[in-house]
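Please open the model in your viewer and keep the selection panel at hand. The tour goes from one selection to the next and says what is there.

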Amino acid sequence: MKRIIAQNNFFHLTQFDLNQTEVLFAPKYNSIHQKDFFVRRFNALSKIAPHLKWVESIDENDFDIALAWDAIDEKKTLGKKLNPIQNRLFSSLPFKLPESFTPFRQLAETQLPSLFHPATPPWDEEIKKELHYYFVEKKLPLTYLETRNEMLGRDGSTKFSSFLSTGFLDVRYLYNEVRQFESIHGTTKSSGWIIFELLWREFFYWHYQENSRSYFSRFGLKSLDFSQVTQYSLSELNKMKADPFFHAGLNELIATGYLSNRARQIFASIWINDLELDWRSGAKLFEEHLIDYDVYSNYGNWMYLAGVGVDPRGKRYFNVKKQLELYDPKGEYLKTWGILS
Ligand SMILES: Cc1cc2nc3c(=O)[nH]c(=O)nc-3n(C[C@H](O)[C@H](O)[C@H](O)COP(=O)(O)OP(=O)(O)OC[C@H]3O[C@@H](n4cnc5c(N)ncnc54)[C@H](O)[C@@H]3O)c2cc1C
């Protein structure tokens, strides 16, 4: 019987005959909510993979194939038996990657088909339910553009990132869902914006393939500097004198493993501009806690906000007061995460 190891990525597991395959599930997690996320995936997978085993560590010699999760583990742990299939819209780039995102988008959009055949359907009931809720029950692509910056609640954005990052949801399947939604409800700027965000995800992956070393350099694309990255303990972070938003964001991140895109941007801006800390330490904090951690999107976004990535406009400074007036006018975010009473 073939033995497959899947670290955090289950993308394309269905290409194997799971009745004839022993699957070693070796998730990497640092916190209770991450473990909980993987326990749920494990339980769902057990229904279709009868020879599924949870293992806490990997023995290099003990498997035939490993499914790639992220670039770091590809290199460090998994050696040559790696099946380098990533959960991306393109399996290889049909064009040369330009420096900045806008030309990438213009090129990539023309290459996108009306539907991807085949895309792997999800097998996990929780994910199927979420897709149904998002596209059928609530028809949320109609309002995505207006609500995507909301920092609280389920419905502002898709909340599919953790399923995508860990490969339990095929990005091509999600893409098809958006297109099918559009075939019923019409093509709108709002539904199109979901595709646009998926292209960001895609962009960081392909950009990394050409610039991987820069993603871990303090000066990013500008110059290579691999000085040591400081890791801060929770008590050190709690003591930092920063805008209350920082502590609310930290509380949410630690409690749930998730922050909205807007909250990630404001948090990163405070980290980089107000606290003047190394952006890589912030990226490391996210790496430890996010349930949707993805090396390309995480480091790519942090680098971008620190002004050493692909953004031609340089460092992004978010005026926290203005941001909160716009996105948290009643202080609900701060209240929810224990900062205001
Ligand atoms: C500092 C920082 C760190 C981040 N780290 C990660 C990370 O480790 N993993 C991760 O998946 N995303 C990361 N993002 C991107 C984004 O914040 C999350 O993908 C998004 O908040 C997830 O919620 P959602 O699924 O509801 O997103 P939606 O708004 O519903 O977007 C749909 C999908 O598009 C993709 N996407 C959306 N925004 C971005 C973006 N800015 N960059 C790349 N892809 C995007 C995601 O796959 C997301 O699930 C980061 C952003 C910032 C600013």
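The stops below begin with the ligand and end in two loops.

This is a predicted model, in which local features need pLDDT of at least 70 and side-chain atom pairs count only at pLDDT 80 or more, while totals for chains, interfaces and linings use all residues. Residues are numbered from 1 along each chain as its sequence is written, and side-chain values use heavy atoms, with hydrogens and water left out.

Select the ligand, and then show the 29 residues that surround it, a residue being near a molecule if one of its heavy atoms lies within 4 Å of it. The closest of these residues are Tyr144, Ser157, Thr158, Lys159 and Asn261. By class, the shell has 13 nonpolar, 10 polar and six charged residues; here Ala, Val, Leu, Ile, Met, Phe, Trp, Tyr, Cys and Pro count as nonpolar, Asp, Glu, Lys and Arg as charged, and the others, Gly among them, as polar.

Next, select Asn261, where a polar side-chain atom lies 2.7 Å from an oxygen atom of the ligand. Moving to Asp292, you will find a backbone N or O atom 2.8 Å from a nitrogen atom of the ligand, and at Asn301 a polar side-chain atom lies 3.0 Å from a ligand nitrogen atom. Of the 810 Å² of accessible area that the ligand has on its own, the protein covers 97%, with areas taken from the Shrake-Rupley method with a 1.4 Å probe.

Now colour the helices α6 (161-165), α8 (189-211), α11 (261-274) and α13 (295-305), each of which supplies at least two residues of the shell around the ligand; helices are DSSP runs (H or I, at least four residues), numbered from the N terminus.

Finally, leave the ligand and select Pro118, which lies in the loop between α3 (101-111) and α4 (125-137). The peptide bond from His117 to Pro118 is cis, with omega near -15 degrees. In the loop between α4 and α5 (144-147), select Lys139, a residue other than glycine whose phi has a positive value, near 50 degrees.

Terms used:
Polar contact = N/O pair within 3.5 Å; in protein donor to acceptor, adjacent residues only side chain to side chain.
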